[in-house]
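Here is a quick tour of a fold, written for someone who likes to know the cut-offs behind each claim. Have the viewer open as you read.

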Amino acid sequence: MRTKYKPWAKPFIEEHTEVMFSEEQLHSFDRPYYLEIGSGKGQFLVEMAKKNPDKFFIGVERNVTCAGFTAKKLVEEKIENAKLMYINAELLMMNIRDNSVETIFLNFSDPWPKKRHHKRRLTASSFLANYYRVLKNGGRLIIKTDNVDLFAFTLENLMESPFKLISKTDDYDGNDSFDTITEYEADFRSEGVPIHRVILEK
């Protein structure tokens, strides 16, 4: 579901630089961090930061309205251990250092249903190669989706990648302690839609 444009979002982001993170900051960042690509309205990012105060989370979001909602949550909740990057993930991934990320989360990514758009999917082979490159040895890629076609596409591409499969489920119960429910996930669960999840390791 496309988020309705909110004219306040971009000015809010520009005003609250304290919750934003730049590419320059990322390049010089030497602390372990956890990366969520496609943060949506920020519920996952904020809740994971609150549940894990000893860890540092970075959310990436290209939609200005969603980024505005995330920034607003970070400000209102006074979150210190999570930041937001308002940027296209494809551009960002090319500039992340090798072996620098602890875990990458892909939560309910855009399924891009038309075949001609499949290369834009965040689990296309080109993206998977970049995830593998930037993850530390032993780092993990954790993917959740409700979309059966996207999950099948993801699993097919993973067969050709060097990732090690840790777990796969077509009906994830949400009980992993290192996880939290996203806005979309709450809606899907209330409607009885199964959640597909896969955990991979470098």
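A pocket here is found on a 1 Å grid over the protein atoms alone: it is an open set of points with protein on both sides within 12 Å along at least five of seven lines, and its lining residues have an atom within 4 Å of a point. By that recipe, the largest pocket is lined by 42 residues, and Glu61, Phe108, Ser109, Asp110 and Tyr184 lie nearest its centre. Its space comes to about 1300 Å³, where a volume is the space filled by probe spheres set on grid points that are joined across faces, edges and corners.

Some ground rules. This is a predicted model, in which local features need pLDDT of at least 70 and side-chain atom pairs count only at pLDDT 80 or more, while totals for chains, interfaces and linings use all residues. Residues are numbered from 1 along each chain as its sequence is written, and side-chain values use heavy atoms, with hydrogens and water left out.

Element names follow DSSP runs numbered from the N terminus: helices are H or I of at least four residues, strands are E of at least two. With those names, the elements giving two or more residues to the lining of the largest pocket are β1, α3, β2, α5, α6 and α8 (183-190). Helix α8 has the largest share, four residues.

**The sheet**

Two strands count as paired if DSSP finds at least two bridges between them. Seven strands make an open sheet with mixed pairing, in the order β3-β2-β1-β4-β5-β7-β6. Because β3 (82-86) and β6 (164-169) stand at the edges with a single partner strand each, one side of each is left without a neighbour in the sheet. From one strand to the next, the twist averages 15°.

Here are three of the pairings:

| Strands | Sense | Bridges | A facing pair |
|---|---|---|---|
| β2 and β3 | parallel | five | Glu61 and Tyr86 |
| β5 and β7 | antiparallel | six | Leu141 and Leu200 |
| β6 and β7 | antiparallel | five | Lys168 and Val198 |

Glu61 thus turns up twice, opposite Tyr86 in β3 and among the residues nearest the centre of the largest pocket.

Strand β7 deserves a look. Six of its six residues are buried, so β7 is largely enclosed by the rest of the structure; buried means under 20% relative accessible area, exposed over 50% and partly exposed in between, with a 1.4 Å probe and protein chains only. His196, Val198 and Leu200 point one way from β7, while Arg197, Ile199 and Glu201 point the other way.

**Helices on the sheet**

Contact means heavy atoms within 4.5 Å. Angles run from 0 to 180 degrees between N-to-C directions, using axes fitted as lines to C-alpha atoms, for helices over the stretch in contact. Helix α3 (residues 43-51) packs on the sheet and touches β1 (34-37), β2, β3 and β4 (101-107), its direction making about 180° with that of β2. Helix α7 (residues 148-158) lies across β5 (135-145), β6 and β7 (196-201), and runs at about 20° to β7.

**Cores and cavities**

A nonpolar core is a set of buried Ala, Val, Leu, Ile, Met, Phe, Trp, Tyr and Cys residues joined through side-chain atoms within 4.5 Å. The largest one has 34 residues, and those with the most contacts inside it are Tyr33, Leu35, Ile37, Ile96, Ile104, Tyr131 and Leu141. Another core, of 23 residues, lies apart from it, with Ala9, Val19, Ile79 and Phe178 among them. Not counting residues up to four places away in sequence, Ile37 touches Val60, Ala89, Met93, Ile104, Phe105, Leu106, Leu122 and Tyr131.

A cavity is a set of grid points where a 1.4 Å probe fits but cannot get out. There are two cavities of 30 Å³ or more, and the largest has a volume of about 40 Å³. Its lining includes Leu106, Ser109, Ile143 and Phe151, and β5 and α7 each supply at least two of the lining residues.

**Two odd phi values**

Most residues other than glycine have a negative phi. Asn99 has a phi near 50° and sits in the loop between α5 and β4. Trp112 has a phi near 40° and belongs to the loop between β4 and α6. Asn99 is partly exposed at 42% relative accessibility, whereas Trp112 is buried at 16%.
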